[in-house]
Amino acid sequence: MRKLEEVLEDWEAVIGLEIHAELTTLETKMFCGCKLEFGAAPNTHTCPVCLGLPGALPVPNKAAIESIVLAGLATNCDIEKHSMFYRKNYMYPDMAKNFQTTQGPVAFCMRGHLDLDVDGPAARERYRLDALEPGETRDNITRTEDGYVAHVGITRIHMEEDAGKMVHIGGGEGRIAGATHSLVDYNRAGTPLIELVTEPDLRTPEEARLFMQKLRQIYLAIGISDCSMEEGSLRCDGNVSLRRRGATEFGTKTELKNMNSFKNLHDGLAYEICRQAEVLEEGGVIYQETRHWDPSAKRTIVMRVKETADDYRLFPEPDLAPYDLTDEFIDRVRAKLPELPDQKAARFADAFGLSAYDARHLVEHRETANFFEACMEAAGVDAPKLAKPVANLTINDIAAYLNAEGVALADTPLTPARALELVRLQADETISSKQGKEVFAAVLAGEGDPAAIVEARGMKQVSDTGAIEAVVDEVIAANPDEVARYKDGNTKVIGFFVGQCMKKMRGQGNPKLINQVLAQKLAE
């Protein structure tokens, strides 16, 4: 099988996403008063409505309607004032009533869009991006200095209810294949669920990954879901087809399931693109089917032939009246919109002189964005001067630590005051950047404030020019061969001299001053 970059030279991938988010911040289910609680004992939060017992009537959750309208406003959707619910019929044990209550072709939220900033390694998957000049537009992308911006349409965001949870016993990796029996937990059945459907505007697995990441940031910012992919409250299905470069007609698509992480989303789509290309190039046929992404085997497996809308026998829900949203209702919801990630990033860039790249990465996670903002507030008049080093510390060191340890920033000993103190110690050259890493680790280990750690460990950097000159003279005198090599044009040998000086000064010499003095002395 060919590599992705080779396949994308000959074939254009057409990708659309269906992203499901449970409204986990609500108290109760979509059409009944049962409590929402992840991890509760099986079948302890059920009632006649969510079990579909005869005569039980649904009552819509108004807070859920507010949440989906909030999601639509945050993703540039038009809010449809008139819409209705339908019955989507299917026979499967995870929904006791044998149908799902969902919206039809007209949803609460229609015709939205998000713009993706794609740069760095992520931009390399785009076909012949280098052929565009900055500011130039092709299809749905506009070239930037570092990559491109992709305009991705949103077809709709519709409201529905989640199904129950199936637990397959005896099969491999919890799958139904090979299972001896299955258990059903109906606690999740009836959970308010919104599904966002994109236009087929995505062209690379990286764009799909970035879209889902951005949507997760937005949902977290507006507070409608915890967006936990591990717990299943944020899930994604990917539709992908191929067509020859230059063709305009869509190919036959397959739908990928089980992409429960950003990495799985990227890797599953990448594999499926390469698989379809191989089938087509060998004269085979792509069938419309649903496939399972197996991350351990790193391949997709056929699950079932894809159903069509006709198979679901959709018809209007007779127990729910159509919705007519008023302008007043929509305006009340709009007033609840907080500052969105893109707005926050623009404010960080404008207020603190950060690059668009740094600002965008700061707002990827709420806790890092809030931490940076708390640092800037504490810095006062020094905020513009300290913004860049604090941003670097937050994006690189702090984010890496949180990811590696799987902890929340609030549960660590690192505070905005300590972060600022650490940055200032490096800015005034009391410690080097290398020593800063050591102090950072010590703070997280609970050893106290950065200044106290530097004092206790005797780490204060020597910046006395006279003392440094004496050490430099000693090192130069002791290494005449390396001096000769330097004077012969091998300037890389200066690294050897710096290392020797730092060794003699027990790592406390100011490397910047040592380099300056060495360059001056060796040029004499």
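1. Let's start with a lysine and a tyrosine. The charged end of Lys88 sits over the ring of Tyr312, 4.4 Å from the ring centre. Keep in mind while looking at this that the model is a predicted one.

2. There is another spot of this kind to look up. Here the charge belongs to Arg245, whose charged end sits over the ring of Tyr127, at 3.8 Å from the centre of that ring.

3. Now step back to the whole chain. You'll find 16 helices and 18 strands in the protein chain. Its C-alpha atoms fill a box of roughly 95 × 55 × 50 Å along the principal axes. The chain has 524 residues, and 48% of them count as buried.

4. How do the contacts run along the sequence? Take those between residues at least 6 apart in sequence: 70% of them join residues at least 24 apart.

5. A word on surface and charge. The protein chain exposes about 25100 Å², with carbon and sulfur atoms supplying 51% of that area. As for charged side chains, 60 are positive and 82 negative, and the centres of these two sets lie 2 Å apart.

6. Back to rings. A pair of aromatic rings is described by how far apart the centres are and by the angle of the planes. The chain has nine aromatic pairs. One of them joins Phe85 and Phe108: the centres are 6.2 Å apart and the planes stand at 70°, which is over the 60 degrees needed, so this pair is edge-to-face. Phe85 belongs to strand S4 (residues 85–89), while Phe108 is in the loop between strand S5 (99–103) and strand S6 (109–119), so many as 23 residues separate the two.

7. Phe85 has a further partner. With Tyr323 it forms an edge-to-face aromatic pair, 6.0 Å centre to centre and with 70° between the planes. Phe85 lies in strand S4 and Tyr323 in strand S18 (residues 323–324), so this pair ties together parts that are 238 residues apart in sequence.

8. Are these rings buried or exposed? Phe85 and Phe108 are both buried. For Phe85 the relative accessibility is 1%, so it counts as buried. Tyr323 is buried too, at a relative accessible area of 17%; the cut-off here is under 20%.

9. Put the ring pairs together and you get a cluster: they link Phe31, Phe85, Phe108 and Tyr323. If you want one place to begin browsing, try Phe85, which pairs with Phe108 and with Tyr323.

Notes:
Residues numbered from 1 in each chain as written. Predicted model: local features only at pLDDT ≥ 70, side-chain atom pairs only at ≥ 80, totals over all residues. Heavy atoms only, no water. Helix = DSSP H or I, 4+ residues; strand = E, 2+ residues; numbered from the N terminus. Buried < 20%, exposed > 50% of the residue type's maximum accessible area, 1.4 Å probe, protein only. Contact = heavy atoms within 4.5 Å. Areas by Shrake-Rupley, 256 points an atom, 1.4 Å probe, with all protein chains shown as cover. Lys, Arg positive; Asp, Glu negative; His and termini not counted. Charge placed at Lys NZ, Arg CZ, Asp CG, Glu CD. Phe/Tyr/Trp six-rings, centres within 6.5 Å; stacked < 30°, edge-to-face > 60°. Lys NZ or Arg CZ within 6 Å of the ring centre and 35° of its normal.
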